[in-house]
Amino acid sequence: MWQLTNQESEMLLRALERAPGADAEMLLAAASLRRHLDSTSAGTSEDLEAESTAIPSCTLHVCTSCRPRSAPREPREERPGLRLYQAVRAAIEASSLKQRVDVRPADCLSLCPRPCGVALSSPGAWSYLFGDQGSNAHDIVECVRTYLGSTGGHLPRDRRPETMRANILGRVPPGLGVPRGEGT
Ligand code: FES
């Protein structure tokens, strides 16, 4: 019987996960293939090398209060920020990243005039704040994927999706974890 190698399966899986128009059925197929790969693969040397330099996990905060001026305050369940949070959470759940990304709601990220806001962080890595995020959960997931595969959370402009280039609002260097007075 014809079978895909693990490398071919991995390539197919990545294509499925990154397909911009991926519907729920495709995402479920991708999740199923990911489970199969995880249970059968011990990991190639390339995988192991990538894992050794990648960020192990990260937190993605999505402001659930965000709304443009034109959108009503109530009901809160209708706010674009909350909808974006739900879409991103579902997209991460259906992806190969679900064990590595903690998607959390935030009340406000202090970028209210630039809705919707998301923040990306991980211990020992750069942290980022993005505004102007609409309903494009796919691009946010791709940015998180790049972040996790980077060294120290370095996210150059040309490696971020188009919708996450001009609207970066800030980045913070990794903390050194040195208590005050002990670093000098
Ligand atoms: S309401 Fe979303 S950043 Fe303030």
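## Helix H5, the core and some unusual backbone spots

H5 runs for 13 residues and covers 19 Å from its first C-alpha to its last, close to the 18 Å expected at 1.5 Å a residue. Keep in mind that this is a predicted model. A good share of the helix is tucked away: Ala-137, Ile-140, Val-141, Glu-142, Cys-143, Val-144, Arg-145, Tyr-147 and Leu-148 are buried. That list takes in Glu-142 and Arg-145 along with residues such as Val-141 and Leu-148.

Now for the core. The largest nonpolar core holds 32 residues, and Leu-60, Val-62, Val-88, Leu-120 and Val-144 have the most contacts inside it. Two helices, H4 (80-93) and H5 (137-149), each put two or more residues into this core, and so do the strands S1 (58-63), S2 (101-106), S3 (118-121) and S4 (127-130). H5 is the top contributor, with 7 residues.

Val-88 gives a handy view of how the pieces meet. Setting aside neighbours within four places in sequence, Val-88 is in contact with Leu-60 and Val-62, with Val-103, and with Ala-137, Ile-140 and Val-141. Of these partners, Ala-137, Ile-140 and Val-141 are among the buried residues of H5.

Next, the loops, where the backbone does a few less usual things. Here are the two cis peptide bonds, side by side:

| Peptide bond | Omega | Loop holding the second residue |
|---|---|---|
| Glu-74 to Pro-75, cis | near -5° | Pro-75: between S1 and H4 |
| Pro-115 to Cys-116, cis | near 0° | Cys-116: between S2 and S3 |

In the second bond, the proline comes before the cis link, with Cys-116 after it. In the first, Pro-75 follows the link from Glu-74.

Two residues also have a positive phi without being glycine. Ser-110 has a phi of about 60°, and its place is in the loop between S2 and S3. Cys-116 lies in that loop too. Asp-132 likewise has a phi of about 60°, but it belongs to the loop between S4 and H5.

How exposed is each of them, Ser-110 first? Ser-110 counts as exposed because just 9 other C-beta atoms lie within 10 Å, and the cut-off for that label is 12 or fewer. What about Asp-132? Asp-132 has 15 C-beta neighbours inside 10 Å, so it counts as partly exposed; a residue needs 20 or more to be called buried.

Key. Residues numbered from 1 in each chain as written. Predicted model: local features only at pLDDT ≥ 70, side-chain atom pairs only at ≥ 80, totals over all residues. Core = buried A, V, L, I, M, F, W, Y, C linked by C-beta atoms within 7 Å. Helix = DSSP H or I, 4+ residues; strand = E, 2+ residues; numbered from the N terminus. Contact = placed C-beta atoms within 7 Å. Expected span 1.5 Å × (residues − 1).
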